[in-house]
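Biologist: Please show me the model. I want to ask what stands behind each label.

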Amino acid sequence: MELIEKSALERIQIEMKEYKKKKYLDIRTYYRSDEGEWKPTKKGVTIPPEALEDLIEAVNKIIKKEEE
């Protein structure tokens with residue numbers, strides 16, 4: 001699992017998960033509850049493993065455009 005801190009109360013959690021024997025990449029916003037536990041929100045996306053190269057390529061294109 002990888003974490004990207006958005007604020008003291010929110011973070012983006014990136015991890016491989018499995019559902020009905022199928023793996024996928026889950027990129028989801030989590031929030032810190034009043035009890036201090038991290039809980040998932042509906043804000044997120046799941047990506048099948050066969051689309052990961054497309055995701056990486058798209059992110060790299062965006063980064064390249066921003067650097068120009």
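The labels are taken up in turn below.

Modeller: First, the ground rules. This is a predicted model, so local features need pLDDT of at least 70 and side-chain atom pairs count only at pLDDT 80 or more, while totals for chains, interfaces and linings use all residues. Residues are numbered from 1 along each chain as its sequence is written, and side-chain values use heavy atoms, with hydrogens and water left out.

Biologist: What makes up the protein chain, in helices and strands?

Modeller: There are 1 helix and 4 strands. Helices are DSSP runs of H or I with at least four residues, strands are runs of E with at least two, and both are numbered from the N terminus. Along the sequence the pattern reads β-β-β-β-α.

Biologist: Why is the protein chain called more spread out than a compact globule?

Modeller: Its radius of gyration is 14 Å, and the globule rule gives 11 Å for 68 residues. The radius is taken over C-alpha atoms, and the rule is 2.2 Å times the number of residues to the power 0.38. The value is well over the rule, so the chain counts as more spread out than a compact globule. Its C-alpha atoms fill a box of roughly 45 × 35 × 20 Å along the principal axes.

Biologist: In what order do the strands form the sheet?

Modeller: The order is E1-E2-E3-E4, in an open sheet with antiparallel pairing. Strands of a sheet pair through backbone hydrogen bonds, either parallel or antiparallel.

Biologist: Which are the edge strands?

Modeller: They are E1 (2-5) and E4 (38-47), since each pairs on one side only. From one strand to the next, the twist averages 30 degrees. Axes here are lines fitted to C-alpha atoms, for helices over the stretch in contact, and angles run from 0 to 180 degrees between N-to-C directions.

Biologist: How do you know that E1 and E2 pair?

Modeller: Two strands pair if DSSP finds at least two bridges between them. Here 4 bridges join E1 to E2 (residues 10-19), and the two run antiparallel. In one of these strands, E2, Arg 11 is the bridge partner of Glu 5.

Biologist: Why is Thr 29 called buried?

Modeller: Buried means under 20% relative accessible area, exposed over 50%, and partly exposed in between (1.4 Å probe, protein chains only). Thr 29 has 9%, so the residue is buried. Thr 29 is found in strand E3.

Biologist: Which residues does Thr 29 touch?

Modeller: Leaving out residues up to four places away in sequence, its contacts include Lys 6, Glu 10, Arg 11 and Ile 12. Lys 39, Pro 40, Thr 41 and Lys 43 are also among them. Contact means heavy atoms within 4.5 Å.

Biologist: What makes Asp 34 exposed?

Modeller: Its relative accessible area is 81%, so Asp 34 is exposed. Asp 34 lies in the loop between E3 (22-32) and E4. Its C-alpha atom is 28 Å from that of Glu 18, which sits 16 residues apart along the chain.

Biologist: What is the phi of Lys 20?

Modeller: Phi is positive, about 50 degrees, although Lys 20 is not a glycine. Lys 21 also has a positive phi, near 65 degrees, and is a residue other than glycine. Lys 20 is in the loop between E2 and E3, and Lys 21 is in the loop between E2 and E3. Lys 20 has 67% relative accessibility, so Lys 20 counts as exposed. Lys 21 has 78%, so Lys 21 is exposed.

Biologist: How many salt bridges does the structure hold?

Modeller: It holds 5. A salt bridge is a side-chain nitrogen of Lys or Arg within 4 Å of a carboxyl oxygen of Asp or Glu.

Biologist: What makes the contact of Lys 17 and Glu 15 a salt bridge?

Modeller: The N to O distance is 3.9 Å, and the limit is 4 Å. Lys 17 also forms a salt bridge with Asp 26, at 3.7 Å. Asp 26 forms another with Arg 28, at 2.9 Å. Shared partners join Glu 15, Lys 17, Asp 26 and Arg 28 into one network.

Biologist: Are the network residues Asp 26 and Arg 28 buried or exposed?

Modeller: Asp 26 has 3% relative accessibility, so Asp 26 counts as buried. Arg 28 is buried too, at 15%. Glu 15 counts as buried at 18%. Lys 17, at 29%, counts as partly exposed.
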